[in-house]
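Work through the exercises below with the model open. Try each task before reading its solution.

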Amino acid sequence: MLSDLLRLGLVQVQVVKGQEMVVPHRDGFVPPPGSREILELFSANLADHAWAAVGNLRGQGPRLEQSVFAEGITAESAEALGALARKLWADARSAMIAEATRRYDADLHRSGATCRIRFGTYFWSQNCCADPFAGPARA
């Protein structure tokens, strides 16, 4: 079981005070590129994001579907903002998991427990003069 948890990236082994310990991966589960799991997560996230946006366009909201945009910054600023985005996501993710777990446990045997939610975020940066699909520049 441990080898599968390590293979999937759900846990990692850390040395703490000279002892090896198994700890959850701090960034959560990220399936390997090209795997069936990552394709399923991609399609589900994209579909739910689109449903939120389309719902707002059709006046079926308001649904939370917003972003922050900045242009004309340096690569260093974009990198710093990316680090901030990951920190803010980690905080929001932890809070949402705790509350979702509490509510799931409370709703477990209720007859109206038929809804689902998805809460996510993304961060994208690029050189505005470059092809966004070209990958990193090579020196």
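**Exercise 1. Overall layout**

How many helices and strands are there in the protein?

*Solution.* Count the elements: the protein has 3 helices and 2 strands. Helices (H or I, at least four residues) and strands (E, at least two) are DSSP runs, numbered from the N terminus. Next, read along the sequence: the pattern is α-β-β-α-α.

The model is predicted: local features need pLDDT of at least 70, side-chain atom pairs count only at pLDDT 80 or more, and totals for chains, interfaces and linings use all residues. Residues are numbered from 1 along each chain as its sequence is written, and side-chain values use heavy atoms, with hydrogens and water left out.

**Exercise 2. Burial and surface**

State what percentage of the residues is buried, then describe the exposed area.

*Solution.* Start with burial. Of the 139 residues in the protein, 6% are buried (under 20% relative accessible area; exposed is over 50%, partly exposed in between; 1.4 Å probe, protein chains only). Then take the surface. The protein exposes about 12300 Å², and carbon and sulfur atoms supply 59% of it. Accessible areas come from the Shrake-Rupley method with a 1.4 Å probe.

**Exercise 3. Two residues of helix α2**

Is Asp-48 buried or exposed? Ask the same for Trp-51.

*Solution.* Locate Asp-48 first: it is in helix α2, residues 36-57. Its relative accessible area is 17%, so Asp-48 is buried. Now list its partners. Beyond neighbours within four places in sequence, Asp-48 is in contact (heavy atoms within 4.5 Å) with Arg-116 and Arg-118. The side chains of Asp-48 and Arg-118 are joined by a polar contact of 2.5 Å. Such a contact is a pair of N or O atoms within 3.5 Å; within protein, one must be able to donate a hydrogen and the other to accept it, and residues adjacent in sequence count only if both atoms are side-chain atoms.

Turn to Trp-51, also in helix α2. Its relative accessibility is 62%, so Trp-51 counts as exposed. The C-alpha atoms of Trp-51 and Arg-63 are 9.3 Å apart, with the two positions 12 residues apart along the chain counted as their separation.

**Exercise 4. A loop residue**

Where is Lys-17 placed?

*Solution.* Lys-17 sits in the loop between β1 (11-16) and β2 (19-24). Check its backbone: phi is near 55 degrees, a positive value in a residue other than glycine. Finish with accessibility: at 85%, Lys-17 counts as exposed.
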